[in-house]
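Open your viewer and get ready to click along with this short tour. Each stop tells you what to select and what is there.

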Amino acid sequence: VIKAFSKILDEKEAQKMFTSTAQELMYKGEVRGKAEGKAEGKAEALLTVLQARFGKVPQSIVKAVNSYSDLIALESLTVLAATCNSLNEFKEGLK
């Protein structure tokens, strides 16, 4: 890749461009990984709240909760988990 760019740019400039692009891609991957990790942690905490309040959580709810990646939605669902009167009420909030 660098040699191909070197035909258009000087080698030093091509190396700099390649390195910057690689660093940017790595950074985006890191950010995405951190966001996914936060979402997984929030989903786990939400499921812990449901289990503590209502006992065994049906697999359908576990799958639904684990499908969320939006942190704000997961926070709202955690509040719902802490305040709802039943698993059915929580399930309605998933829709």
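Start by selecting Leu 50. Leaving aside neighbours within four places in sequence, Leu 50 is in contact with Gly 55, Val 57, Ile 61, Ala 81, Leu 87 and Phe 90, where contact means heavy atoms within 4.5 Å. Leu 50 belongs to helix H2, residues 11-54. Helices here are DSSP runs of H or I with at least four residues, strands are runs of E with at least two, and both are numbered from the N terminus. With a relative accessibility of 0%, Leu 50 counts as buried. The terms work like this: buried is under 20% relative accessible area, exposed is over 50%, and partly exposed lies in between, using a 1.4 Å probe and protein chains only. Now add Ala 82 to the selection: its C-alpha atom is 7.4 Å from that of Leu 50, although 32 residues separate the two in sequence.

Before moving on, a word on what you are looking at. This is a predicted model, in which local features need pLDDT of at least 70 and side-chain atom pairs count only at pLDDT 80 or more, while totals for chains, interfaces and linings use all residues. Residues are numbered from 1 along each chain as its sequence is written, and side-chain values use heavy atoms, with hydrogens and water left out.

Next, colour the chain by pLDDT, the predictor's confidence in each residue on a scale from 0 to 100. The chain averages 81, and 63% of the residues score at least 70. Which elements have the lowest and the highest mean pLDDT? Helix H1 (residues 2-8) is lowest at 52, and helix H3 (residues 59-66) is highest at 96.

Stay with H3 and select its buried residues, Ile 61, Val 62 and Val 65. They cover an arc of only 100° around the axis, so they sit on the same side of H3; the arc is taken from the directions between the helix axis and the C-beta atoms. Zoom in on Val 62, which counts as buried at 18% relative accessibility. Apart from neighbours within four places in sequence, Val 62 is in contact with Leu 47 and Val 57.

Now move to helix H4, residues 71-83. Its 13 residues, at 1.5 Å each, should span 18 Å, and the end C-alpha atoms are 19 Å apart, which agrees; the expected span is 1.5 Å times one less than the number of residues. Select Leu 74, Leu 77, Leu 80 and Ala 81, which are buried in H4. Because they cover an arc of only 115° around the axis, they are on the same side of H4. Turn the helix around to find Ile 72, Val 79 and Thr 83 exposed on the other side.

Where does Thr 78 fit in? Thr 78 is also in H4 and, at 24% relative accessibility, counts as partly exposed. Beyond neighbours within four places in sequence, Thr 78 is in contact with Lys 42 and Leu 46. Show Ala 45 too: its C-alpha atom is 7.8 Å from that of Thr 78, with their positions 33 residues apart along the chain.

Finally, zoom out to the whole chain. It has five helices and zero strands. Buried residues make up 19% of its 95 residues. Among contacts with a separation of 6 or more, 59% join residues 24 or more positions apart.
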